[in-house]
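Me: Hi! I have a structure open here and I'd like to talk it through with you. Could you help me read it?

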Amino acid sequence: MEDGTFESLGYCADTGVDDDVLQWDQRADCEVRQILDRIADKWSLLVIALLDKRSLRFTELRRAIDGVSQRMLARTLRHLERDGLVSRTVHPTVPPRVDYALTPMGATLHATINALVVWTEEHQNAIAAARAAYDRRAAAEREAAEREAAERAAIARAALPPRGSPALPGRW
């Protein structure tokens with residue numbers, strides 16, 4: 001085994017080589033991209049945020065998350081449970097009661113998500129200003145391109161003989 005290589009196949013941290021982001025998709029022993037796709041989707045983020053304070057029942061989560069379908073919430077919870085981020089507890093009552101809670105690993109993820117939310121709140125005005133500036137530049141570029149296209153069309157129309165007129169000498 002090479003120096004700096006971890007024996008565990010599932011360990012994706014730096015192994016002494018350049019930890020280029022492009023390697024995330026290429027390493028057979030690393031599922032970073034899949035995990036990021038799973039935990040960074042909007043439903044997972046909301047579920048994790050809601051479960052930070054206390055465990056909740058499915059219906060409580062569904063009411064709290066505007067726009068999520070029953071199917072999508074069930075799927076999200078199943079994925080989060082499979083990944084070890086959410087625990088599911090079934091209480092033997094009639095009707096059965098099922099509670100969802102963050103696991104200790106899920107709680108550490110919530111801290112990371114919270115840091116992202118704080119960053120977003122701190123930078124939302126700068127992002128809004130950057131978006132507005134971009135939109136103004138893009139609109140100006142579209143208008144300039146449309147003007148150039150109209151000018152080229154006018155030049156082309158002026159260079160061609162009018163319809164129905166005889167072709168100019170020397171033309172086919």
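Me: Let's start with one residue. Is Asp52 buried, partly exposed or exposed?

Reply: Happy to help! Keep in mind that this is a predicted model. Asp52 has a relative accessible area of 29%, so this residue is partly exposed.

Me: Nice. Which side chain does Asp52 meet in a salt bridge?

Reply: That would be Lys53. The N to O distance between the two side chains is 3.6 Å.

Me: And is Lys53 buried or exposed?

Reply: Lys53 is exposed, because its relative accessibility is 73% and the cut-off for exposed is over 50%.

Me: Why would two side chains like that pair up at all?

Reply: When the charged atoms of side chains with opposite charge come close, the side chains can pair.

Me: Makes sense. How many salt bridges are there by this rule?

Reply: The count is four. Another one of them joins the side chains of Asp99 and Arg97, at 3.3 Å from N to O.

Me: Which of those two is buried, Asp99 or Arg97?

Reply: Asp99 is buried, at 9% relative accessibility. Arg97 comes out at 36%, so Arg97 counts as partly exposed.

Me: What about Arg38, what does its side chain meet?

Reply: Arg38 forms a salt bridge with Asp83, and the N to O distance is 3.0 Å. This pair links distant parts of the chain, since the two residues are 45 residues apart. Arg38 is in helix 2, while Asp83 sits in the loop between helix 5 (70-82) and strand 2 (86-91).

Me: Cool! Is Arg38 buried or exposed?

Reply: Buried, because its relative accessibility is 16% and buried means under 20%. Its partner Asp83 is at 25%, so Asp83 counts as partly exposed.

Me: Changing topic: how much space lies in the largest pocket?

Reply: About 230 Å³. Asp83 turns up again here, as one of the residues that line the largest pocket.

Me: Which other residues line the largest pocket?

Reply: Val32, Ile35, Leu36 and Ile39 do, along with Leu85, Met105, Thr108 and Leu109.

Me: Where does the largest share of that lining come from?

Reply: From helix 2, which gives four residues. Helix 2 (32-39) and helix 6 (104-159) each supply at least two residues of the lining.

Me: Last one: how many of the lining residues are nonpolar, polar and charged?

Reply: Seven are nonpolar, one is polar and one is charged.

Note on methods. Residues numbered from 1 in each chain as written. Predicted model: local features only at pLDDT ≥ 70, side-chain atom pairs only at ≥ 80, totals over all residues. Heavy atoms only, no water. 1 Å grid on protein atoms, 1.4 Å probe; cavity = no way out; pocket = protein on both sides within 12 Å on 5 of 7 lines; lining within 4 Å. Points joined across faces, edges and corners; volume = space filled by probe spheres on them. Nonpolar A, V, L, I, M, F, W, Y, C, P; charged D, E, K, R; others polar. Buried < 20%, exposed > 50% of the residue type's maximum accessible area, 1.4 Å probe, protein only.
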